[in-house]
Amino acid sequence: MNIALIIAGGSGSRMGQDIPKQFIHIYEKPVLIYTLESFQNHPEIDAIEVVCIDGWHDILWAYAKQFNITKLKWVISGGKTGQESIRNGVYNLKQVCSDKDTLIIHDGIRPLVDPSVLSDVIVKCQLYGNAVTSMPYNEQIFVIDDPKSTIKYIPRETLKRVSTPQAYKFDKLLWAYDKAFKEGIGIHGSSYTNTMMVELGERLYFAAGSDKNIKLTTKDDLELFKAYLKSEKDNWLK
């Protein structure tokens, strides 16, 4: 099986809204539903699990029924951190998944998941055991030497931007979260599954990415999302 694990446990405080950003309506549809539709409509996704902020579970189920997200099978609570939330999602599937099933982890506030990107993540995971969405880094990166100057840069050819979706075999993912939380490895700060895996000594494999795969963190991101949606409706665009 290929199961999507969607992380939607954040409160979205940086967005400055009264409701969590994953439930903000854009053109009469919650952001999270746009995300879920990408997985619902992909033929290789068998089921969806959402790690959801407390107090919104019933609302999510209602939206899933309204927008026909039939692959949604589980809605569970998140943890105090992103890593705890992902771990909760993994552990909830212990009685469901076999060792070689694939879990595709994705941020609920990345609603523009290109089908070809999702397909490539699944294919690469089948080949190598894991796969992370990646893109080239097109800006110059300088290392801070003191507050106002530098003498060192990192060649951008040696860098990749990595985000979600990212996929892992279930047995490796279960082993990793058991070990990471037992030993305190790769679970603090802004760490995510990909960085945790590297800290545990695992090699990551790159899959295709897309510049449209934006994370909705600020109001400006919402406006960019709306622009992308509008452009898809404009038939004159090639």
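## Salt bridges

In this predicted model, Lys-172 has a relative accessible area of 32% and is therefore partly exposed. Its side chain meets that of Glu-202 in a salt bridge, with 3.5 Å from N to O. The two residues belong to distant parts of the chain, 30 residues apart: Lys-172 is in helix H5 (residues 170-183), while Glu-202 is in the loop between helix H6 (193-199) and strand S11 (206-207). Glu-202 is partly exposed as well, because its relative accessible area is 23%.

Eight salt bridges are counted in the structure. Another one joins the side chains of Glu-183 and Lys-179, at 2.9 Å from N to O. Both residues are in helix H5 and four residues apart, so about one helical turn separates them. Glu-183 has a relative accessible area of 45% and is partly exposed; Lys-179, at 27%, is also partly exposed. Glu-37 and Lys-29 form a further salt bridge, whose closest N and O atoms are 3.0 Å apart. Here both partners are buried. Side chains of opposite charge can pair when their charged atoms come close.

## Nonpolar cores

The largest nonpolar core contains 30 residues, and Leu-36, Phe-39, Ile-48, Val-50 and Leu-60 have the most contacts inside it. At least two residues of this core come from each of strand S1 (2-8), helix H1 (31-40), strand S4 (47-52), helix H2 (57-66), strand S5 (72-77) and H4. A second core, separate from this one, has 26 residues, among them Leu-5, Ile-76, Ala-180 and Met-197.

Beyond its neighbours within four places in sequence, Val-50 is in contact with Ile-6, Ala-8, Leu-32, Leu-36, Leu-60, Leu-72, Trp-74, Val-75 and Ile-76. In soluble globular proteins, nonpolar side chains tend to be buried together.

## Aromatic pairs

There are seven aromatic pairs in the structure. One of them consists of Tyr-34 and Phe-225, with ring centres 5.2 Å apart and planes at 90 degrees, so the arrangement is edge-to-face. Tyr-34 is in helix H1 and Phe-225 in helix H7 (residues 219-233), so this pair ties together parts of the chain 191 residues apart in sequence. Tyr-34 is buried because its relative accessible area is 13%, under the 20% limit. Phe-225 is buried too, with a value of 0%.

A single aromatic cluster is formed by Phe-23, Trp-56, Tyr-63 and Phe-67.

## The loop between H1 and S4

His-42 is placed in the loop between H1 and S4. With a relative accessible area of 4%, His-42 is buried. Outside the four nearest places in sequence on either side, His-42 is in contact with Lys-71, Pro-115, Leu-118, Ser-119 and Ile-122.

Glu-44 is also in the loop between H1 and S4, but its relative accessibility of 31% makes it partly exposed. With neighbours within four places again left aside, Glu-44 is in contact with Asn-2, Ser-119 and Ile-122. Between the C-alpha atoms of Glu-44 and Gly-209, which are 165 residues apart along the chain, the separation is 18 Å.

## A nonpolar surface patch

Val-123, Leu-127 and Tyr-128 make a nonpolar patch of about 310 Å² on the surface. Tyr-128 belongs to helix H4 (residues 115-128), and its relative accessibility of 45% places it in the partly exposed class. H4 thus appears in two settings: Tyr-128 of this helix is in the surface patch, and the helix supplies at least two residues of the largest nonpolar core.

Technical notes:
Residues numbered from 1 in each chain as written. Predicted model: local features only at pLDDT ≥ 70, side-chain atom pairs only at ≥ 80, totals over all residues. Heavy atoms only, no water. Patch = residues over 30% accessible without salt bridge, like charges linked within 9 Å, V, L, I, M, F, W, Y side chains within 5 Å. Areas by Shrake-Rupley, 256 points an atom, 1.4 Å probe, with all protein chains shown as cover. Salt bridge = Lys/Arg side-chain N within 4 Å of Asp/Glu carboxyl O. Buried < 20%, exposed > 50% of the residue type's maximum accessible area, 1.4 Å probe, protein only. Core = buried A, V, L, I, M, F, W, Y, C linked by side-chain atoms within 4.5 Å. Contact = heavy atoms within 4.5 Å. Phe/Tyr/Trp six-rings, centres within 6.5 Å; stacked < 30°, edge-to-face > 60°.
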